[in-house]
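Ready for some practice in reading a protein model? Open the viewer, work through each exercise by yourself, and then check your steps against the solution.

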Amino acid sequence: WLICGPSQSGKTSLTLALMLEKWGWLSDEMVMLSESEPTRMLGFPRNFNLKENSFHRFPETAGLPHARELFSTYRNMLVRFFDPNDLVPGAWRNEAPLAGILFPRFDPEARSVRLTPQGGIAMAEGLLAEITCWQPWGVPFLSRVCQTIPGYEVRFNNPRDIGQALAAGPAL
């Protein structure tokens, strides 16, 4: 599943929560696709960057061998960089089929995780806002994905509740 959203929507937190529930991962902050097989996502190992406001949700990331915390003047907070393989060895995957798209929305007022199906237009808007490197085949790809791949907005307060909600919700 592709997790897509703007900065601080909860992409890394959602990924961490799912990794701790035995899901695999491809990368953090970006995904690569190829023209020859556009519904296959390509992974590349990369450090995760967890913002300070999520440190308390994932305390196990603090003591990792390669964890570093730096102050970001852009974010005006600490950012913890760590190797996700130190947290869940063997969870990295070099590729995966695009089975669906999750649009995380951190909501401090949410009392539980809420999954809302996203239609073609809502999916297109969410994806368009995040695509940074357009290719000539991008528009037909986007059209096909928005018509054939399921998408859900995932609204949450505590990312660690997501695994249970996904297990009880739609078949992901």
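**Exercise 1: a helix under cover**

Which residues in α1 are buried? Find them, then work out what they pack against.

*Solution.* Keep in mind that you're looking at a predicted model.

Step 1. Locate the helix: α1 covers residues 11-19.

Step 2. Go through it residue by residue. You should list Lys11, Thr12, Ser13, Leu14, Thr15, Leu16, Ala17, Leu18 and Met19 as buried.

Step 3. Count them up. Nine of the nine residues in α1 are buried, so the helix is mostly covered.

Step 4. Look for the neighbours. The buried residues of α1 pack against the strands β1, β4, β6 and β8 (101-106), and also against the helices α2 (84-87) and α5 (162-168).

**Exercise 2: a sheet of three strands**

In what order do the three strands β4, β5 and β6 form an open sheet? Sort out the edges and place α1 on your sketch as well.

*Solution.* A quick reminder before you start: strands of a sheet pair through backbone hydrogen bonds, either parallel or antiparallel.

Step 1. Trace the pairing. The order is β4-β6-β5, and the strands pair in the antiparallel sense.

Step 2. Pick out the edges: β4 (48-51) and β5 (68-72) each pair on one side only. Neighbouring strands in this sheet are turned by 30° against each other on average, ignoring direction.

Step 3. Zoom in on one pair. Four bridges link β4 with β6 (residues 77-82) in an antiparallel pairing. Look there for Phe48, which stands opposite Phe82 in β6.

Step 4. Add the helix. α1 lies across β4 and β6, and runs at about 110° to β4.

**Exercise 3: two helices that cross**

How do α3 and α4 cross, at roughly what angle? Name the residues that meet.

*Solution.*

Step 1. Find helix α3 at residues 120-128 and helix α4 at residues 138-148.

Step 2. Check the axes: they come within 8 Å and cross at roughly 135°. That angle makes α3 oblique to α4.

Step 3. Get the handedness. The crossing of α3 past α4 is right-handed.

Step 4. Look at the contacts. From α3 come Gly120, Met123, Ala124, Leu127 and Leu128, and they meet Leu142, Val145 and Cys146 from α4.

**Exercise 4: counting disulfides**

How many disulfides does the count come to? Explain what you find for Cys4 and Cys146.

*Solution.* First, the idea: a disulfide is a covalent bond between the sulfur atoms of two cysteines.

Step 1. Choose a cut-off: the two sulfur atoms have to lie within 2.5 Å. By this rule you get zero disulfides.

Step 2. Test Cys4. It is in no disulfide, and the nearest cysteine sulfur, in Cys146, is 10 Å away.

Step 3. Turn it around. The closest cysteine sulfur to that of Cys146 is in Cys4, and 10 Å is too far for a bond.

Step 4. Check the surroundings. Cys4 is buried, with a relative accessible area of 8%, and Cys146 counts as buried too, at 13%.

**Exercise 5: positive phi**

What is phi near in Gln8, and about what value does Lys22 have? Say where each residue sits.

*Solution.*

Step 1. Take Gln8. Its phi is near 70°, which is positive even though the residue is other than glycine. Gln8 lies in the loop between β1 (2-3) and α1, and is partly exposed at 42% relative accessible area.

Step 2. Now Lys22. It isn't a glycine either, and has a positive phi of about 80°. Lys22 lies in the loop between α1 and β2 (32-33), and is exposed, with a relative accessible area of 75%.

Notes:
Residues are numbered from 1 along each chain as its sequence is written. This is a predicted model: local features need pLDDT of at least 70, side-chain atom pairs count only at pLDDT 80 or more; totals for chains, interfaces and linings use all residues. Side-chain values use heavy atoms; hydrogens and water are left out. Buried means under 20% relative accessible area, exposed over 50%, partly exposed in between (1.4 Å probe, protein chains only). Two strands pair if DSSP finds at least two bridges between them. Helices (H or I, at least four residues) and strands (E, at least two) are DSSP runs, numbered from the N terminus. Axes are lines fitted to C-alpha atoms, for helices over the stretch in contact, and angles run from 0 to 180 degrees between N-to-C directions. Contact means heavy atoms within 4.5 Å. Angles under 35 degrees count as roughly parallel, over 145 as roughly antiparallel, 65 to 115 as roughly perpendicular and the rest as oblique. A crossing is left-handed if the near helix is turned anticlockwise from the far one by less than a right angle, and right-handed if clockwise.
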